Amino acid sequence: MKHFLTAALCAGFLATLVPAGAEAGAIERACRQSDRTAATPGLCNCIQKVANRSLTRSERKTVSKWFSDPHRAQVVRQSSNRSDERLWQRYKAFGDHAARSCG
C-alpha cells in the first residue's frame, strides 16, 4: 500500500520543469513541499493537472493533506463509510491516470 501511495503521489514521474507560481493548486503545493526526491516542479504540476480533471476541489483538498500525513489515506482506505469508499475509488483512478500521464 505504501508503494501505491508513493507511486500515485510522485515516484517515477517525469515531466517538463515548470516554475512555481501563484497558480499552483493544493495537490501541486503539497507535492512540492513533500520531502520526496522525485517531487520535481514538473512532476507536481503534472499531478495537479491530472487531479484537476479527476477529482473535485474538495477531494483535491483532502488528498493534498495525504502528502504530509499518509495515515489519513489509510484511514479513508479502510473506512466502511460510503463517501470514504467513493473517495478512495476516485483517488485510485486518479493515481492510475497520473502514473500513465506523468510517468
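**Six helices and a shared core**

Reader: Where is Asp35 found, and is Asp35 buried or exposed?
Author: This is a predicted model, and in it Asp35 is found in the loop between H2 and H3. Exposed means a relative accessible area over 50%. Asp35 comes out at 74%, so this loop residue counts as exposed.

Reader: How far is the C-alpha atom of Asp35 from that of Phe67?
Author: Along the chain, Asp35 and Phe67 are 32 residues apart. In space, their C-alpha atoms are separated by 9.2 Å.

Reader: OK, stepping back, which elements make up the protein, from the N terminus on?
Author: The secondary structure has zero strands and six helices. Read from the N terminus on, then, the order is α-α-α-α-α-α.

Reader: Among contacts between residues at least 6 apart in sequence, what share joins residues at least 24 apart?
Author: Contact here takes heavy atoms within 4.5 Å. Looking just at pairs at least 6 apart in sequence, the share joining residues at least 24 apart is 70%.

Reader: Which residues touch the most other members of the largest nonpolar core?
Author: That core has 22 residues. H2, H3, H5 and H6 each supply at least two of them. The ones touching the most other members are Val63, Trp66 and Phe94.

Reader: Let's pick Val63: which residues is Val63 in contact with, leaving aside neighbours within four places in sequence?
Author: Val63 is among the core residues that touch the most other members. With those sequence neighbours set aside, the contacts of Val63 are Ile27, Leu55, Leu87, Tyr91 and Phe94.

Reader: At what angle do the axes of H5 and H6 cross?
Author: H5 covers residues 70-78 and H6 covers residues 82-102. Their axes come within 7 Å, and H5 passes H6 in a left-handed crossing. The crossing angle is roughly 115°.

Reader: And how do the residues of the contact of H5 with H6 divide into nonpolar, polar and charged?
Author: H5 brings Ala73, Val76 and Arg77, while H6 brings Asp84, Leu87 and Trp88. Asp and Arg count as charged, whereas Ala, Val, Leu and Trp count as nonpolar. The division is therefore four nonpolar, no polar and two charged.

Reader: Last one, the chain end: why does Gly103 count as exposed?
Author: Gly103 lies in the segment after H6, and its C-alpha atom is 8.4 Å from that of Leu43, 60 residues away along the chain. The cut-off for exposed is over 50% relative accessible area. Gly103 counts as exposed because its relative accessible area is 62%.

How values were computed: Residues are numbered from 1 along each chain as its sequence is written. This is a predicted model: local features need pLDDT of at least 70, side-chain atom pairs count only at pLDDT 80 or more; totals for chains, interfaces and linings use all residues. Side-chain values use heavy atoms; hydrogens and water are left out. Helices (H or I, at least four residues) and strands (E, at least two) are DSSP runs, numbered from the N terminus. Axes are lines fitted to C-alpha atoms, for helices over the stretch in contact, and angles run from 0 to 180 degrees between N-to-C directions. A crossing is left-handed if the near helix is turned anticlockwise from the far one by less than a right angle, and right-handed if clockwise. A nonpolar core is a set of buried Ala, Val, Leu, Ile, Met, Phe, Trp, Tyr and Cys residues joined through side-chain atoms within 4.5 Å. Buried means under 20% relative accessible area, exposed over 50%, partly exposed in between (1.4 Å probe, protein chains only).
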